[in-house]
Amino acid sequence: MTTLSISLVTFHPDLPMLRDTLSSLRIAMGYALASGDLSEVQLTLIDNGDDAGLVELAQLEGWADIRLESGQGNVGFGRGHNLAMEQGMGDLHLILNPDVYLLPQSLSMALRFMREQPECGLLSPAMMEGSRGPHYLCKRLPSVFDLFLRGFAPGWLRWIFRGRMLRYEMDTEGDHPSVLWDPPIVSGCFMLCRAELLRQLGGFDPRYFLYFEDFDLSVRAKAHGRLAAVGDVRIAHFGGGAARKGWKHIKMFCRSARVFFDLHGWKWV
């Protein structure tokens, strides 16, 4: 039987969206417990904004036993998750965003895959897009030009380079396999990791305040185990888009991009 720990970092969250996330997580957890894929779960809420009432909100959504980390101020996304990991992890640890909605069977399917595929150290889910099948939250290693196109280029320029963008976002992988093994980068909105792997990696690199910490963790994780994007593990994700959030986020994005390229090699085009 598998034990699971979950960490969820918030900073002045959209409360209705967080409520939906917690509700969907509780339903998915209940399904996993009932199906025998899970024996024990611990949720840690890391409050980077010192917002009152978050524990009460979680309890209203069915989380009677919840661990809270607060009072540390805004230490950033990765360091926030590291605080939860330092308090102890289960056999598996789920890194989750407060803007993710889990389908009811998604957690059970993820836990089952990790049990059946011991070589997998980190699992990423899929988003469903109509009849197209699973759309994986994966990317190739970026160049500076790729990041500019995706985040900041005008629509007409993105249209000219749409083939390049599809390739960068790994949206040209043929018939959408049910499992995409060893993608270079997976999204930090939902990362199901083996606790042993996270201990080897030391969690997230604290040099990233926000953005690119998932890129960095993906690259480092591949040195210790395989990554897999699994089509049966399905979510909806409502976040992203640094450029749409204003100049403060653009500056953080650019600062973290520089840290990533300094550590893993610059690639301009």
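This note walks through a few features of the structure above, point by point.

1. **What you are looking at.** Please keep in mind that this is a predicted model. The chain contains 10 helices and 12 strands, so there is plenty to explore with helices and strands defined as DSSP runs.

2. **Overall shape.** A good place to start is the radius of gyration. For 269 residues, a compact globule would be expected to come out near 18 Å, and the chain has 18 Å, so the two agree. If you draw a box around the C-alpha atoms along the principal axes, its sides are roughly 50 × 40 × 35 Å.

3. **Inside and outside.** How many of the residues count as buried? Of the 269 in the chain, 50% do. The accessible surface comes to about 12500 Å², and carbon and sulfur atoms account for 54% of that surface.

4. **Contacts and charges.** Take the contacts between residues at least 6 apart in sequence: 78% of them join residues at least 24 apart. As for charge, the chain carries 28 positive and 30 negative side chains. The centres of these two sets lie 8 Å apart.

5. **Strand β12 and its partners.** Try finding strand β12, residues 226-237, in the viewer. Which strands pair with β12 in the antiparallel sense? One is β5 (residues 100-102), with 3 bridges, and another is β9 (residues 179-181), also with 3 bridges. Strand β6 (residues 120-128) pairs with β12 in the parallel sense, over 6 bridges.

6. **Residue pairs across β12.** You can check each pairing with a particular pair of residues. From β5, leucine 102 stands opposite isoleucine 235. From β6, alanine 126 faces arginine 234. From β9, valine 179 has valine 230 as its bridge partner.

7. **Threonine 10.** This residue sits in strand β1, which covers residues 3-10. Is threonine 10 buried or exposed? Its relative accessible area is 1%, so threonine 10 counts as buried, since the cut-off for buried is under 20%. Setting aside neighbours within four places in sequence, threonine 10 is in contact with residues including Leu18, Leu45, Asn48, Leu54 and Pro98.

8. **Isoleucine 66.** Now move to strand β3, where isoleucine 66 is found. With a relative accessible area of 15%, isoleucine 66 is buried, because the limit is under 20%. Beyond its neighbours within four places in sequence, isoleucine 66 is in contact with Gln42, Leu43, Leu45, Val55 and Ala58. Valine 55 is 11 residues away along the chain, and its C-alpha atom is separated from that of isoleucine 66 by 7.3 Å.

9. **Helix α3.** This helix runs over residues 77-86 and is mostly covered, with 7 of its 10 residues buried. Those buried residues are Phe77, Gly78, Gly80, His81, Asn82, Ala84 and Met85. What do the buried residues of α3 pack against? They pack against strands β1, β2 (40-47), β3 (66-70) and β4 (92-96), together with helices α8 (195-201) and α9 (213-221). Just after α3 comes glycine 88, which takes a positive phi of about 115°.

10. **Helix α9.** Since α9 is among the elements that the buried residues of α3 pack against, let us look there next. In α9, 7 of the 9 residues are buried, so this helix is largely enclosed by the rest of the structure. The buried residues are Glu213, Asp214, Phe215, Asp216, Leu217, Ser218 and Ala221.

11. **Two backbone angles worth a look.** Which residues other than glycine have a positive phi? Histidine 12 is one of them, with a phi of about 45°. It is found in the loop between β1 and α1 (15-34). With a relative accessible area of 47%, histidine 12 is partly exposed. Aspartate 182 is another example, with a phi near 60°. Aspartate 182 lies in the loop between β9 and β10 (185-186), and at 28% relative accessibility it counts as partly exposed.

Key. Residues numbered from 1 in each chain as written. Predicted model: local features only at pLDDT ≥ 70, side-chain atom pairs only at ≥ 80, totals over all residues. Heavy atoms only, no water. Helix = DSSP H or I, 4+ residues; strand = E, 2+ residues; numbered from the N terminus. Rg over C-alpha atoms; globule rule 2.2 N^0.38 Å. Buried < 20%, exposed > 50% of the residue type's maximum accessible area, 1.4 Å probe, protein only. Contact = heavy atoms within 4.5 Å. Areas by Shrake-Rupley, 256 points an atom, 1.4 Å probe, with all protein chains shown as cover. Lys, Arg positive; Asp, Glu negative; His and termini not counted. Charge placed at Lys NZ, Arg CZ, Asp CG, Glu CD. Pairing = 2+ DSSP bridges.
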